[in-house]
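User: I'd like to learn how to read a model like this one, feature by feature. Could you walk me through it?

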Amino acid sequence: MLIVKMNSTTVECNIAASELREIGLTPEDVVNGLEVSVPFLSQINKEVGERLDYNPQTEVMMMSRNMMNDGSVRIFAVKMNNDDIQKAADRLRSAASAVLSEITQDRVDDIKNKTGKEKGLALNAMMSEVSETINKVYAETISDSSIDKPQASTRKLTDHEKYLIEFEKFDNAKRFSKVASKLPIEESSLYKYKDKYYIVAELHSFQENILYEIRRDALEYAELMTVNNPDAVHIEENGDKILAADAIMHLAKLM
């Protein structure tokens with residue numbers, strides 16, 4: 001997750017779709033504010049509040065959630081005090097008056113009386129003017145804020161990664177464990193569920209070369225590997241536990 005503090009009142013968060021999948025969410029879950037996303041959104045609220053020194057007793061936090069073309073989610077958070085609220089209300093009143101002056105009944109009747117291409121062009125012109133007027137409200141809000149140098153930082157959504165690795169055959173699990181035993185895997189268990197074998201492993205290192213190695217090994221020996229998938233809990237609760245701890249080390253010794 002990329003967090004950019006734009007100024008003293010505004011924070012922008014960008015979360016990749018792949019990051020959301022790692023914690024069992026979809027971009028749609030977050031944008032629509034579904035119940036499953038509430039813990040994550042609460043975490044975002046806390047993070048943003050700390051960065052903006054937000055006082056819930058005297059200030060209001062306004063947040064917007066938007067899904068981008070690449071499936072990522074962009075969240076804007078703006079902190080507003082009483083002065084900000086008054087300025088925003090004044091702008092909205094001004095914008096509303098401007099919009100009303102642009103959408104007079106005479107103008108609407110004129111558009112209705114046009115035909116063919118001219119009707120569409122006239123309607124588009126009116127709608128564009130309305131959109132431009134409304135956009136000015138947001139532009140003026142941003143320009144009113146004290147613009148500091150943006151402060152960007154990144155943060156993992158989880159403090160560890162739990163891998164659920166599926167194998168068709170027990171021998172494949174052993175082969176995977178042989179090559180993966182050199183990785184900094186702190187916990188691992190082996191389960192059997194519906195004729196398939198599963199290794200649940202926790203990795204507490206986010207070095208790119210380490211992540212690349214475990215994914216490469218899984219690609220060679222496993223049928224499927226997911227990260228921070230809620231299905232891991234289902235396997236742990238319903239599967240037959242074969243090795244409760246240090247499964248990868250024990251399986252590696254069998255080769």
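Analyst: Sure. Let's begin with helix length: the expected span of a helix is 1.5 Å times one less than its number of residues. Keep in mind as we go that this is a predicted model.

User: How many residues does helix 3 have, and what span should they give?

Analyst: Helix 3 covers residues 38-52, which is 15 residues, so at 1.5 Å a residue the expected span is 21 Å. The C-alpha atoms at its ends are 21 Å apart, which agrees. Just after helix 3 comes Asp-53, with a positive phi near 55 degrees.

User: Which residues of helix 3 are buried?

Analyst: The cut-off here is a relative accessible area under 20%. In helix 3, that picks out Phe-40, Leu-41, Ile-44, Glu-47, Val-48, Gly-49 and Leu-52. Their cover includes strand 1 (2-7), strand 2 (10-15), strand 3 (60-67) and strand 4 (73-80), along with helix 1 (17-22) and helix 2 (27-31).

User: And Asn-45, where does that sit?

Analyst: Asn-45 is also in helix 3, but its relative accessible area is 40%, so it counts as partly exposed. Its C-alpha atom is 8.8 Å from that of Met-61, a residue 16 places away along the chain.

User: Now charges. What should I look for in a salt bridge?

Analyst: The general idea is that side chains of opposite charge can pair when their charged atoms come close. This structure holds 12 salt bridges. One of them is in helix 3, where the side chains of Glu-47 and Arg-51 meet at 3.1 Å, N to O.

User: Why are Glu-47 and Arg-51 separated by about one helical turn?

Analyst: Because they are 4 residues apart in helix 3. Their surroundings are worth a look too: Glu-47 is buried at 15% relative accessible area, while Arg-51 is partly exposed at 29%.

User: Which salt bridges link distant parts of the chain?

Analyst: Take Lys-79 and Glu-59, whose closest N and O atoms are 3.7 Å apart. Lys-79 belongs to strand 4 and Glu-59 to the loop between helix 3 and strand 3, so this pair links distant parts of the chain, 20 residues apart. Both Lys-79 and Glu-59 are buried.

Analyst: Another is Glu-129 with Arg-107, at 2.8 Å from N to O. This pair also links distant parts of the chain: Glu-129 is in helix 6 (residues 116-144) and Arg-107 in helix 5 (residues 105-113), 22 residues apart. Glu-129 is partly exposed, with a relative accessible area of 31%, and Arg-107 is partly exposed at 23%. Elsewhere, salt bridges with shared partners join Glu-166, Glu-168 and Lys-196 into one network.

User: Let's go inside. How do I read a nonpolar core, and which residues touch the most other members of the largest one?

Analyst: Think of a core as buried nonpolar residues joined through side-chain atoms within 4.5 Å. The largest one has 23 residues, and Phe-167, Phe-176 and Ile-199 touch the most other members. At least two residues each come from strand 6 (161-167), helix 7 (170-180), strand 7 (185-193), strand 8 (196-203), helix 8 (208-221) and helix 10 (247-253). Helix 8 gives the most, with 5 residues.

User: What does Phe-176 touch?

Analyst: Leaving out residues up to four places away in sequence, Phe-176 touches Ile-165, Phe-167, Ile-199, Ile-214, Asp-217, Ala-218, Tyr-221 and Ile-248. Apart from the largest core lies another one of 17 residues, with Cys-13, Leu-20, Val-30 and Val-73 among them.

User: Which nonpolar residues form a patch on the surface?

Analyst: Val-60, Met-62 and Ile-85 do, with about 230 Å² of accessible area together. Ile-85 is in helix 4 (residues 82-102) and counts as partly exposed, at 36% relative accessibility.

User: Can we zoom out to the whole chain?

Analyst: Happily. The chain has 10 helices and 10 strands, and 38% of its 255 residues count as buried. Its accessible surface comes to about 15,200 Å², with 51% of that belonging to carbon and sulfur atoms. As for contacts between residues at least 6 apart in sequence, 70% join residues at least 24 apart.

Technical notes. Residues numbered from 1 in each chain as written. Predicted model: local features only at pLDDT ≥ 70, side-chain atom pairs only at ≥ 80, totals over all residues. Heavy atoms only, no water. Buried < 20%, exposed > 50% of the residue type's maximum accessible area, 1.4 Å probe, protein only. Contact = heavy atoms within 4.5 Å. Areas by Shrake-Rupley, 256 points an atom, 1.4 Å probe, with all protein chains shown as cover. Patch = residues over 30% accessible without salt bridge, like charges linked within 9 Å, V, L, I, M, F, W, Y side chains within 5 Å. Salt bridge = Lys/Arg side-chain N within 4 Å of Asp/Glu carboxyl O.
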